Amino acid sequence: MADFLKISTPIQQREQINPTRASAGLNAVNNVNPNETPTRIIGVGKDENLHEQNNKFIDSDGKPTILMNLMKDPAVTVSFLKNIYMLQEIIKLLPMNTRTKTVEIEQLFASLLIKPEDISKEIKKQESASTAFRGNLFDFLRASLQGNSSDKMKYGVANLLKALNNDMSKKDILGAVSNNLQYLAENLKASNTLGSRLSQLSEAFSSPSATENFSDLKQQVQSLIKDIEGSILYNYDTSKLVSIINYNLSRFNTNTDYLMESVRNMLTLLDGTETKNAFLAEVHSFINNLQNGRFTAENSDVMRVLSDIIEKCASDDDIIKVNPESVDKIIHSLLSSPCNYTPLLHFIIPVEYMDMKSFAEIWINPNAEDEGGKPNSDKNIHMLIIFDIEGIGQFETELFVKGKKINLTLFCPQRYAAQFSSIAPQLRQCVNFSEYSIDEIKFEEMKETRSLIQVFKSLPYKRTGVDVRI
């Protein structure tokens, strides 16, 4: 007689949110009563291996292979500077039958350059786009963490930020999926059936009703992906596009109660009715501004023109045939911008002065205490500025700002090292108008380009992910 299968009773997670519950939406936050908040905070699961299926590109040390290679590559710090020049020269050599397009791209290059007096304005514009977590609500959360730095408070703030980011990024996620599907449709245009279905889904994800119909659209995409994987057109490049689509689909959180739950959890961590009411007022104000489109940051003219140049160059077959690596290298350089893997502020400053062109890239670690500073010392800032001046060469400037003191090292082209070493007095005078002063200045020859890891030595040791275990 055959043995009976041993079937255990299904385990129902008590902390699981019921998907059939009527969703309250963002407006439900307005109905939260600080005196009726729950006494029990929903926690995350303890499955340490939950994210392993999504970490196919993680090395043995737990760091992302692609971005770690970017940080180790010295060419990343100068590829944008060199290849932007190269693209300009390539465009001038294109055949006359593409004259209309080349004139348009040349005009974009001309508008990319800014004047010296506009440098500070452009840096502020790029900085304003580096984070969306600015304003009274986030100042309130920072103050709350300073007053209570417990693990529960940290988790509560992080969970609220995640919920806010979820609502702020839904439109961008849908747009990304739409673009991914359209790009995949162009790659599979050999199949009329697959190409047509992908194009239709791309239009559906860009429609106003995409948010409400997301679950149904996601199922259609997953069904179509199975058909694509069974097609003879499916190859390694197509598999990478499919992985990107699946990743972007996973970023969309369909739980419309997530924000309300995170707000209630935060209320349990705040002391006093007055503090709780102040927190709710800031949340209501933020949501109203978000829904009414009142968050208007100044867009960077440089980044807008740069994206137009990359788009037009990447779509021009003649440019790709002449030099297929230039656009890729520029994009790789831009990938070193701020993210949880490379927590550095990144600025691109192209300048024209006295008919001379100069392209500069700036990387800043605003919290450089872990690069030699003491835990209780003044705030330390570490900066790397690389700039290439037309007709002169490439320079590299490294600054350490400790408190109000600046230590500066300028790496110059070998033939100009002696001349630039004489400008130390002028450099000291440049900061006389402020409360800062230059403590030490060094001038050295530019022997080789350094990678980001060589300059910012703490990068490999920073957390390269989000640890959700409590």
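Buried means under 20% relative accessible area, exposed over 50%, and partly exposed in between, with a 1.4 Å probe and protein chains only. The model toured here is predicted: local features need pLDDT of at least 70, side-chain atom pairs count only at pLDDT 80 or more, and totals for chains, interfaces and linings use all residues. Residues are numbered from 1 along each chain as its sequence is written, and side-chain values use heavy atoms, with hydrogens and water left out.

**First selection: I310**

Select I310, which lies in helix α12; helices (H or I, at least four residues) and strands (E, at least two) are DSSP runs numbered from the N terminus. I310 counts as buried because its relative accessibility is 15%. Add I105 to the selection: 205 residues separate I310 from I105 in sequence, yet their C-alpha atoms are 9.7 Å apart in space.

**Second selection: the largest nonpolar core**

A nonpolar core is a set of buried Ala, Val, Leu, Ile, Met, Phe, Trp, Tyr and Cys residues joined through side-chain atoms within 4.5 Å. The largest one has 35 residues, of which L112, I309, I362 and F387 touch the most other members. Elements giving two or more residues to this core include α3 (99-112), α12 (301-314) and β1 (345-353). The most comes from α12, with 6 residues. Centre next on I309: leaving aside residues up to four places away in sequence, I309 touches L108, F109 and L112, where contact means heavy atoms within 4.5 Å. Another core, of 23 residues, lies apart from the largest one and includes I173, V177, L198 and I228.

**Third selection: the sheet**

Display the open sheet, whose 6 strands follow the order β1-β2-β3-β4-β5-β6 with mixed pairing; two strands pair if DSSP finds at least two bridges between them. At the edges are β1 and β6, each paired on one side only. Zoom in on β4 and β5, which run antiparallel and are joined by 7 bridges. Here F400 stands opposite N407 in β5.

**Fourth selection: helices α10 and α11**

Select residues 258-269 (α10) and 273-291 (α11), whose axes come within 10 Å and cross at roughly 160°. Axes are lines fitted to C-alpha atoms, for helices over the stretch in contact, and angles run from 0 to 180 degrees between N-to-C directions. The two helices, α10 and α11, are therefore roughly antiparallel to each other, a term for angles over 145 degrees. To inspect the contact, show L259, V263, M266 and L267 of α10 with K276, F279, L280, V283 and I287 of α11.

Technical notes
Parallel < 35°, antiparallel > 145°, perpendicular 65-115°, else oblique.
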